[in-house]
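Reader: Hey, could you walk me through this one? I'm new to reading structures.

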Amino acid sequence: ASNIAILAVIFICLIFINGILVLVESSLRRVRPALLEEQAEEGSDMAKKLLAEQPDWDRYIRTTQLCRFLCVLFLGVLIALPLLVLAVNIFDNDYFAYIVVFGVLSFLWLTFAILIPDGIAAVRSEKSAALLLWFARISGKIFLPITGLAHQIANLLLRGIGITPQMQEAE
């Protein structure tokens, strides 16, 4: 029972982290620079702050995508699999339990880690981006070596098939 509780707490933490990452990514993708410029001219500190960091948005988005991938990988390998095995064992090898647990986990992940944060970003993109810019900045610095390497490999592969990459090189 304690194993299930620990896995459930980790699952909830991963939902929260992924939700923040989705909110950051969706907000940055939806921010309207023209609206920010207008707000900045009217004296909005939030708009000025976002515009000042606009050159880094692509890097922040790449970082959130990497972190979301790591969350899903961690979820699948270290959380969902053991929870599913425990559920099957608890319910006497009833594979219907496996399907129910998998369905519940998928529903929770989809709803709270993706759809709700994306919905918030759709309505409050500028405010969400400004509020979570610190998170994007910190995660961008922490994961820069990994995102930089992945980005360089992707650009190399694109060039290998004759496509000129449009993405900036990681700094």
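Author: Sure, one definition to begin with: the expected span of a helix is 1.5 Å times one less than its number of residues. Helices here are DSSP runs of H or I with at least four residues, strands are runs of E with at least two, and both are numbered from the N terminus. This is a predicted model, where local features need pLDDT of at least 70 and side-chain atom pairs count only at pLDDT 80 or more, while totals for chains, interfaces and linings use all residues. Residues are numbered from 1 along each chain as its sequence is written, and side-chain values use heavy atoms, with hydrogens and water left out.

Reader: OK, so what span should H7 have at 1.5 Å a residue?

Author: H7 has 17 residues, so it should span 24 Å, and its end C-alpha atoms are indeed 24 Å apart.

Reader: And which residues of H7 are buried?

Author: Thr147, Gly148, His151 and Asn155. Buried means under 20% relative accessible area, exposed means over 50%, and partly exposed is in between, using a 1.4 Å probe and protein chains only. Looking down the axis of H7, its buried residues sit within an arc of 100°, so they line one face of the helix. That arc is taken from the directions from the helix axis to the C-beta atoms.

Reader: What's on the other side of H7?

Author: Pro145, Leu156, Leu157 and Gly160 are exposed there. As for the buried residues of H7, H4 is included in what covers them.

Reader: At what angle do H4 and H7 cross?

Author: Roughly 100°, with the axes of H4 (residues 57-90) and H7 (residues 144-160) coming within 10 Å. Axes are lines fitted to C-alpha atoms, for helices over the stretch in contact, and angles run from 0 to 180 degrees between N-to-C directions. H4 and H7 are therefore roughly perpendicular to each other. Angles of 65 to 115 degrees count that way, under 35 is roughly parallel, over 145 roughly antiparallel, and the rest oblique.

Reader: Which residues meet there?

Author: From H4, Arg59, Arg62, Thr63 and Leu66; from H7, Leu144, Ile146, Thr147 and His151. The residues of this contact divide into 3 nonpolar, 3 polar and 2 charged. Nonpolar covers Ala, Val, Leu, Ile, Met, Phe, Trp, Tyr, Cys and Pro, charged covers Asp, Glu, Lys and Arg, and the others, Gly among them, are polar.

Reader: Is threonine 63 buried or exposed?

Author: Threonine 63 is buried, with a relative accessible area of 0%. Leaving out residues up to four places away in sequence, threonine 63 touches Ser139, Gly140, Phe143 and Thr147; contact means heavy atoms within 4.5 Å. Threonine 63 and threonine 147 are 84 residues apart in sequence, with their C-alpha atoms 6.2 Å apart in space.

Reader: New topic: where is lysine 141?

Author: Lysine 141 is in helix H6 (residues 125-142). Lysine 141 is exposed, with a relative accessible area of 59%. Its C-alpha atom is separated by 9.7 Å from that of arginine 59, 82 residues apart along the chain.

Reader: Last one: what comes after H7?

Author: Glycine 162 follows H7, and its phi is positive, near 85°.
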